[in-house]
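Me: I'm in my first year and still learning how to read protein structures. Could you take a close look at one part of this one with me?

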Amino acid sequence: MAQCGGVRVHQNQFIMSKKPTVQPALHKVIMVGSGGVGKSALTLQFMYDEFVEDYEPTKADSYRKKILLDGEDVQIDILDTAGQEDYAAIRDHYFRSGEGFLCIFSITEDESFQATQEFREQILRVKNDENIPFLLVGNKCDLEDKRKVSFQEASERARQWGVPYVETSAKTREHVDKVFFDLMREIRARKMEENKANNGRGKDRKKKSIKSFLFCYKH
Amino acid sequence: MGEPTLSLLGSSDFNPDKYVRELSLNFVGGLELARLRKKVHSLSEETSNNLKKNVYENYMQFIDTAKEISHLESEMYQLNHLLTEQKSLLNSLYNTSILGDDSLVVIEADFSKDDSEEKKEEIRKQKLLALKEKISGSSHLMDAPNRKVLYESYLTELDSIENTPLKSVYGVLLSDGILIANANFDDQESISLQFEIYYDLGSVAVVNVRDLGNVKQAFKLLAFPDSRIFQCKSSTVKKEWLDKLDQAKKERLSQEQNKKDVTLIDKSPSRSSSIDVPYINPFEEIDEEVSIHPEWFLEIPDELDVCVAQRHFEEALALLDKAKEYTVGYILTQNQDDHIFSDISRKVEQRKSTLIDVLMKELEVNHDKSLQGGLRAARRAVRLLNQLDRSMQSCELFLKLCSSMLKIQCKRVKREGSTSTYVRHLSSVVFTNMCHMTEEFLRAFPDSPSCASAYVVWASHELNLFTSHFIKQAFVPQTSLSTLTECIILVRGQCERLCKYGIDLCYQLDGSLRSPLTKALRDAKDKLIDSIKLRAQEDKWIPMNLKSKSALARLMQEYLDVGLLLNDYVTGDYWLQLTTNTVSFTKLFLKFLDDCLKLQTADLLHIIDETMYFVYDCLKLQTADLLHIIDETMYFVYEAQIKHVEHSLKNEKQLEQRQFMIKNADFLLNHLLNAVQKKYKDVNNFESPGLVKLKTENTAVLKGITATARNITKYSSTEYL
């Protein structure tokens, strides 16, 4: 309810003042991981503070939410992708649009953890960028008794990749906001860097996003 | 706190409880309270009076406002009604789509392995065609074979960052991509669609937009580097889009991965589980199949489509032959046939029938089509159809084409000048064309007995058309026998041209001309007899005076040319011992004989005439029939003249005159008759039996005996047959 109101306010603001700089920064986050690890559950918990018990495989869903990130209005665009194998070939298209990735596995399923390697490689290949904002997320940490992937094992892999590792529970909401916010901070930092680099080189390829970002930054 | 006043009670922060409490504190005793009560009461009355007064004062305003309110209510109601109407209209528009509301059914049908493949193909083409017309600039996309329309609807494109509506577009989901067309609402009624972009299905990713602030029913297309958001009109539309997109993508994926035919794919449009049997199983199986069939065989249906579309019919035919050869070889080596093989075979058959249809269309007689190219233009199609074992159809169409060409050619011949000129032109046109057509036909259909017989039937039919027209034009009472003879000879001569191709239609021509010719001969006979009788009445029986030697010499020469020596009849310088009547009869009869003999000659030419004489008596040949009529006619005409002589002789008592008459009769019965018989014999190899009879019957006249005493056996036609 509060969320809806917030968005409406934003829309009205936007309609009233058509300057693009008023638009809050938009961070595009992509949820990746094998089928059934809880990508959609995490997304829905983050979006609506709800835990959805029913499992229905996702094809590709997008969500957008306006949030306050360190005192700054930003928009998060979450693309919840399909974990199922039959979509593997078209994942590239989704990955291209992402600015940051939450790579999720279930701590109760070793296979899903192994699959993260493949996802990581695919993302790096598509984005062609070693430093792309990326978080390794071990979900379902409430199910400690069914744990198959140890914290050490997972953090070791994250260390190798040079990315943070966080364990979450979509059910208890543990660390749910954290993973999204951490990732957005990374994306933001990344954009600032890029912006500087671009300014330095006098390029304004991403003029719009830079402008909006600058606006946010000044705030 | 004190006395209650209007301002106190009417103030905004007036609190009744507090006021009453304070009153009860300050005013003690019943009397005081009663006074206050009365005071409040009067205040209340005063207020209500004031209110009444106010109402009275603003009565009109009050009424107006009430009216205004009820007015507004009805307007609101109307608005609501209008909006409902609009909504239902839009709904029905959406449901109708541009291709009729059977789109869903068609899609379903496409996946169910129905055997009405051709029909579906037809529908597919129609749908694409409709789209092509509807969306300008999209034609290049619509010709691809196997492309299907899976879904289409109007969409609103949103700004991908700001979520505000950008423009209205028309989206079409094809089996291999997505077409976006800009919709321009240039005026209220018509919407023009302008092709904007085509995304290959493999290069786009679809995102279901679950939450985008207050934007509902949207989905996103990620086509790097574009990212576009489209908003649907309703949640059902969005669901359809997503389902169909998913379906198309999966199909495409399985096609690419497995190189496998579309039709095998699971029928259910919404597959959500990742464990789909057809996806996992086929790999090993498919690898075998792919290795079994060469690539060209798998691509042959598409190749054929391309060839037919580009009108490379020969190539298409070569491909068909190649496919046939392969098919036969494959069936021989492989006892069981796999589905790919049977599927391709079926498709090849389908393409074959398409090719045949296209070729038949080529040959069809079309009034809009110019026949300028003539039959040459038809050669290719005929040859190809023959190679496709469709010679009967091509033959039929070819002959139809010939007929219509012939008709057009005949119409160009104007009815002007004399009958014979017209007949000459017309017959020349008809038979020259028929000759050309025969040439073409023999060239196109050599060694094909069934086609040849069809051709004979056609030629006979065309000849009938021509003769009936010819009879109508030439056999009219105004036409003289000579003209008629000329025309008939012309036509026969033309008709004989066909003989060299092995088609002899002369008998048919004769057959159809026989009855009108007989009638014409009889008419001519009657005319001649009439004129003989007329001249007989005027006959003065005096020798002919030619008045000059040169005139006499000219006459003598003229008759010598036809085989009559008149020297015996010349007396004096320019007297001829024959009557004018005899001389003119001679002239007339010889001309008549000429015509008759010409007819006969023409008639008899195609019969080996040596045998004619011998079979004459026993066979009722058509020509003999005509000969008989000619004979009979000659007999009657000649007899009429002889009768005249005889009649005159009977009435003439003067010896000198009788001598003169006998001399005339002698000329007629000996000289002229001999000359006539000679001519007759030259043509027929025998003398005219009628005239022989005539001579024997009438020899008595030469001796001055009249026929009154004799009983002349009447000429009977049965005698000769």
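Which residue does Arg351(B) form a salt bridge with, and how far apart are the closest N and O atoms?

Reply: Happy to walk through it with you! Keep in mind that this is a predicted model. The partner you are looking for is Asp305(B): Arg351(B) forms a salt bridge with Asp305(B), and their closest N and O atoms are 2.9 Å apart. That fits the rule for a salt bridge, because the nitrogen has to be within 4 Å of the carboxyl oxygen.

Now find the two residues along chain B. Arg351(B) sits in helix 14 (residues 339-363), while Asp305(B) belongs to helix 12 (residues 300-309), so this pair ties together parts that are 46 residues apart in sequence. Is Arg351(B) buried or exposed? Arg351(B) has a relative accessibility of 7%. Buried means under 20%, so Arg351(B) counts as buried.

Stay in helix 14 of chain B for a moment, where Asp343(B) and Lys347(B) are 4 residues apart. Their side chains also meet in a salt bridge, with 3.8 Å from N to O. Because of that spacing of 4 residues, about one helical turn separates Asp343(B) and Lys347(B). Both partners are worth checking for burial too. Asp343(B) is buried at 9% relative accessibility, and Lys347(B) is buried with a relative accessible area of 17%.

For another example, follow chain B further along. Glu486(B) and Arg424(B) bring their side chains together in a salt bridge, again with 3.8 Å from N to O. This pair links distant parts of the chain: Glu486(B) lies in helix 19 (residues 481-496) and Arg424(B) in helix 17 (residues 419-444), 62 residues apart. Here the accessibility values fall in the middle range. Glu486(B) counts as partly exposed at 36%, and Arg424(B) is partly exposed at 38%.

Salt bridges can also join up into a group. In chain A, a network of salt bridges links Asp70(A), Glu72(A), Lys178(A), Asp182(A), Arg185(A) and Arg188(A). Over all chains, the count comes to 34 salt bridges.

If you would like to see something other than helices, chain B also has an open sheet of 3 strands in the order 9-11-10, with antiparallel pairing. Its edge strands are strand 9 (544-545) and strand 10 (570-571), each pairing on one side only. Strand 10 is joined to strand 11 (residues 575-576) by 2 bridges, and Thr571(B) stands opposite Trp575(B) in strand 11.

Methods: Residues are numbered from 1 along each chain as its sequence is written. Chains are lettered from A and ligands numbered from 1 in the order in which they are written. This is a predicted model: local features need pLDDT of at least 70, side-chain atom pairs count only at pLDDT 80 or more; totals for chains, interfaces and linings use all residues. Side-chain values use heavy atoms; hydrogens and water are left out. Buried means under 20% relative accessible area, exposed over 50%, partly exposed in between (1.4 Å probe, protein chains only). Two strands pair if DSSP finds at least two bridges between them.
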